[in-house]
Amino acid sequence: MTAPHQSPAFGSLALIALVIAAGAAAFAYTAGWFSPQRLTPGKLVAAFAPPTGAALGHRRNHAKGICFTGVFEANGAGSELSRAAVFARGQYPVLGRFNLGTADPNAADATVRVRGLGLRITTPDGQEWRSATINAPVFPVSTPQTFYELLHASGSKDPKAIAAFAAAHPEFAPFGDWSKNGPWTGSYAEERFNSLNSFVFIAGSGAEHVVRWSLLPAAQPVAVSTDELAKRGPNVLEQDIAQRVAGAPQRWTMVVTVANAGDPTADPTKPWPADRRAVEVGTLAAQQVQAEPDGPCRDINFDPAVLPSGMRTSDDPFPAARSAAYAKSYDLRTAEAKDYPRTTTGATP
Amino acid sequence: MIGGQRRFTPLQRLLHWLMAACIVAMLFIGVGMVSTVLPKYLTLVAIHKPLGIAILALALIRLVVRLRYGAPPLPADLPEPMKLAAVASHYALYALMIAMPLLGWGMLSAAAYPVVLFSGWHLPAVLRQSDSLHTLLWAAHFYLAFAFFALILLHVAAALFHALVRRDGEAMASVAIHDEVEPAKQGRHAI
């Protein structure tokens, strides 16, 4: 027996305090508590909110939407690029969501420039390919940090904020031009939806290709003015797609475009040259439409980083930022479910 | 418990230090990944899930080993409140080691995310999709992570207190890696 009760040495206690404080500080640093400038998912998501606050229970962006189910009919051609089961010839169930790029779930359709398509394709082995594509031909900015600045400029009370942002960020010009001068259509079924971000497809041989993809509408696009669209009503797009799909499945051809070495794979503001190899890999068919409050897409996060074996993210920084932000949005809105009642009687247009 | 032993078995000591490294890494990865939108977010998430399942598996092995081999007794002269704190904190550590991965797994299931461990390898959903369950499990996973880290700091503080202040030789010796370390007269385990 030794004497275990020596009087506590001040030095020893101070050392213990130091070790614990250092551990706690390292943890706090990792959590970003000492880095107020760090762009967190929470800050990115909060930047979408209008001055009146976010629409509780809804997605923080692309808040207005309608669910659909259908199939992806793979023609087998994609297997050359990726060993993902989804490209093997066959039909795979799809859960999707047509949506508008706005934080306001009640926005009038004619007021929202960006239209989106969320997809979840499931293969029999249980793997999933989730994606969220939009109708813009290019993305407005090159990095998530700049996107955050754009959100602040958009939300600014200063009417010149966007012009100032565009002047400071020349890469914004192609998107700005499309936003101002590109044609509008009167239907989700007439929209071309683009991944914009690049991803890496891994073939069975192990060969890797950096790709982007698009969904090209089978329906012929008919340009409409925003005035004409506004006259058709604030929810014309949802009414239109429900009506079209009730009549017949609506289709899009999925085209995968393969980058050449040296193409700008990390920057979604830069389109690749038009002569790049494009492979038609299959057809998306929307077969049934469901209103969102009780629809199957409501509580699905169309996280673009949920990829099957045979695909992975590239050097494009956006899928990671989107994945982080979508998860934050999902956590917030599912916790607010009571603010977005499941069965609505006209309360949520 | 088997009485009379002064140290944990080699297997228990191995599990202690292996899991210590895994769990501390896990907590830092977790708190780091939810605070960034940089590409490392995906890397950290991709580590977080399989590491969590590895910790769950190790924790279950460790529980069985602990039930089989027991633990050295606490120092006989340890004041009652400290004994109580020691026993309670170890129950809490075991509970968290097992509960945290299950909460994470359940949370992902309730959100209908595929629980991908490696490319092409995923676990089945353990719960049906539910926004209320997801919210509950998310909150538990999040707040218990901070409680877990606090408990680990307390555990380290207690170990250092034994080593430096009480000098009862118990904490460090009981889980020391090297057998040549002089066996403590008494001991119990760390994490």
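Q: Axes are lines fitted to C-alpha atoms, for helices over the stretch in contact, with angles from 0 to 180 degrees between N-to-C directions. At what angle do the axes of H1(B) and H2(B) cross?
A: This is a predicted model, in which local features need pLDDT of at least 70 and side-chain atom pairs pLDDT 80 or more, while totals for chains, interfaces and linings use all residues. Residues are numbered from 1 along each chain as its sequence is written, and chains are lettered from A and ligands numbered from 1 in the order written. Helices (DSSP runs of H or I, at least four residues) are numbered from the N terminus. The axes of H1(B), residues 10–33, and H2(B) come within 9 Å, and they cross at roughly 150 degrees.

Q: Which relative direction does that crossing give H1(B) and H2(B), roughly parallel or roughly antiparallel?
A: Angles under 35 degrees count as roughly parallel, over 145 as roughly antiparallel. The crossing of H1(B) and H2(B) is left-handed (near helix turned anticlockwise from the far one by less than a right angle). The angle therefore makes H1(B) and H2(B) roughly antiparallel.

Q: Which residues of H3(B) meet H2(B)?
A: The axes of H2(B), residues 40–69, and H3(B) come within 9 Å and cross at roughly 145 degrees; this crossing is left-handed. Contact requires C-beta atoms, placed from the backbone, within 7 Å. From H2(B), Gly52(B), Ile53(B), Ile55(B), Leu56(B), Ala59(B), Leu60(B) and Leu63(B) meet, in H3(B), Tyr94(B), Met97(B), Ile98(B), Pro101(B), Leu102(B) and Gly104(B).

Q: Where does H3(B) bend?
A: The expected span is 1.5 Å times one less than the number of residues. For the 31 residues of H3(B), 80–110, that is 45 Å, and the end C-alpha atoms are 43 Å apart, which agrees. Pro101(B) follows within four residues of a bend of about 25 degrees (between axes fitted to the seven residues ending there and the seven starting there) at Ala99(B).

Q: On which residue is the kink in H4(B) centred?
A: H4(B), residues 131–166, reaches 50 Å from first C-alpha to last, close to the expected 52 Å. Arg167(B), with a positive phi near 50 degrees, follows H4(B). The kink is about 25 degrees, centred on Leu160(B).

Q: Which helix gives the most to the side of chain A that touches chain B?
A: The contact takes 43 residues from chain A and 37 residues from chain B. Elements giving two or more residues to the chain A side are H1 (10–30), H2 (41–46) and H8 (318–335) of chain A. With 10 residues, the one that gives the most is H1(A).

Technical notes. Contact = placed C-beta atoms within 7 Å. Parallel < 35°, antiparallel > 145°, perpendicular 65-115°, else oblique.
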